[in-house]
Amino acid sequence: MPDLDFLHISLADQRLYGFAQGELRVRLAVSTARNGAGERNGSGCTPRGLHQVRVKIGAGLPLGAVLSSRRWTGEVWSEALDARFPGRDWILSRILWLSGCEPGFNRLGQVDTFRRYIYLHGTPDTEPMGVPLSHGCIRMRNSDLVPLFDRVQEHCRVWIDEAACPQWGVLPLH
């Protein structure tokens with residue numbers, strides 16, 4: 001049952017904070033863009049500002065399911081599969097596809113988050129979290145993403161910014 005109604009992704013913390021009715025409920029490590037923050041198409045940056053989960057893809061797929069062009073390939077990630085495709089940017093398990101809510105900043109034209117295919121998605125456990133290494137998306141551990149996927153619904157608001165959130169890092173979770 002979806003209960004989270006707001007996600008905040010801090011690029012400084014490399015963390016996702018999930019809220020239900022204003023209370024912090026989830027704190028997860030992520031990996032955002034190696035190129036930092038930015039909204040332009042082709043920048044390889046993670047877009048900032050207010051977004052929403054526009055589409056949820058992958059419900060019911062196995063943990064580690066390989067997604068390509070937003071469809072399951074029928075494969076499940078393994079070290080052997082990874083060795084066959086070195087350097088591949090793996091999109092695994094689930095996709096929360098984001099859409100910008102701020103025309104001219106992260107929506108429409110050359111700054112459109114949705115048309116840039118910016119997702120929250122799973123990544124191999126061999127990839128580090130807490131370090132910006134993605135090509136613009138927000139990478140997550142599959143074991144974190146799958147329960148998060150079930151806790152948000154389409155149109156859930158997502159705020160992405162560069163500010164650190166130290167006060168949230170010490171709050172107890174309910």
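In this predicted model, strands E8 and E9 run parallel and pair over four bridges. Leu-120 sits across from Ile-138 of E9. The side chains of E9 split by direction: Ile-138 and Met-140 point one way, Arg-139 and Arg-141 point the other way, and all of them are buried. On its other pairing, E8 meets E7, and here the two strands run antiparallel, joined by four bridges. Ile-95 stands opposite His-121 of E8 in this pairing. E7 also pairs with strand E4 (residues 49–57), again antiparallel, through six bridges. Ile-57 has Ile-95 of E7 as its bridge partner, so Ile-95 turns up in both pairings of E7 mentioned here. As for cover, nine of the nine residues of E7 are buried.The largest nonpolar core has 23 residues, and Leu-7, Leu-16, Leu-120, Ile-138, Met-140 and Leu-148 are the members that touch the most others. At least two core residues come from each of strand E1 (6–10), strand E2 (15–20), strand E3 (23–29), strand E7 (92–100), strand E9 (138–141), helix H2 (142–151) and strand E10 (157–161). H2 is the top contributor, with three residues. Leu-7 gives a feel for the packing: beyond its neighbours within four places in sequence, Leu-7 is in contact with Leu-16, Tyr-17, Gly-18, Leu-120, Leu-148, Val-152, Cys-156, Arg-157, Val-158 and Trp-159. There is also a second, separate core of ten residues, among them Ile-57, Ala-65, Ile-91 and Tyr-119. In soluble globular proteins, nonpolar side chains tend to be buried together.

On the charged side, the structure holds seven salt bridges. One of them joins the side chains of Arg-151 and Asp-3, at 2.8 Å from N to O. Arg-151 belongs to helix H2 and Asp-3 to the segment before E1, so this pair ties together parts that are 148 residues apart in sequence. Both partners are partly exposed, Arg-151 at 25% relative accessibility and Asp-3 at 32%.

The two arginines of E9 each have an aspartate partner as well. Arg-139 meets Asp-89 at 2.8 Å, N to O. Because Arg-139 lies in strand E9 and Asp-89 in the loop between helix H1 (79–84) and E7, the pair ties together parts that are 50 residues apart in sequence. Arg-139 is buried, with a relative accessible area of 7%, while Asp-89 counts as partly exposed at 29%. Arg-141 pairs with Asp-125 at 4.0 Å, N to O. This second pair links strand E9 to the loop between strand E8 (119–123) and E9, with the two residues 16 apart. Arg-141 comes out buried at 18% relative accessible area, which is under the 20% cut-off; Asp-125, at 54%, counts as exposed. Elsewhere, Glu-39, Arg-48 and Glu-162 are linked in a network of salt bridges.

Turning to the rings, a search of the whole structure finds five aromatic pairs. Phe-6 and Phe-19 make a tilted one, 6.1 Å centre to centre with 50° between the planes. Phe-6 is in strand E1 and Phe-19 in strand E2, so this pair ties together parts that are 13 residues apart in sequence. Phe-19 is buried, at 9% relative accessibility. Phe-85 and Trp-90, by contrast, form an edge-to-face pair, with centres 6.3 Å apart and planes at 80°. Phe-85 is partly exposed at 32% relative accessible area, whereas Trp-90 is buried at 3%. Trp-97, Phe-114, Tyr-117 and Tyr-119 form one aromatic cluster, and Tyr-119 is also a member of the second nonpolar core.

Charge and ring come together at Phe-149. Lys-56 lies over the face of Phe-149, at 4.5 Å from the ring centre. Arg-94 also lies over the face of Phe-149, at 5.6 Å from the ring centre.

Note on methods: Residues are numbered from 1 along each chain as its sequence is written. This is a predicted model: local features need pLDDT of at least 70, side-chain atom pairs count only at pLDDT 80 or more; totals for chains, interfaces and linings use all residues. Side-chain values use heavy atoms; hydrogens and water are left out. A nonpolar core is a set of buried Ala, Val, Leu, Ile, Met, Phe, Trp, Tyr and Cys residues joined through side-chain atoms within 4.5 Å. Buried means under 20% relative accessible area, exposed over 50%, partly exposed in between (1.4 Å probe, protein chains only). Contact means heavy atoms within 4.5 Å. Two strands pair if DSSP finds at least two bridges between them. Rings of Phe, Tyr and Trp (its six-membered ring) pair if their centres lie within 6.5 Å; planes under 30 degrees apart count as stacked, over 60 as edge-to-face and the rest as tilted. A charge sits over a ring if NZ of Lys or CZ of Arg is within 6 Å of the ring centre and within 35 degrees of the ring normal.
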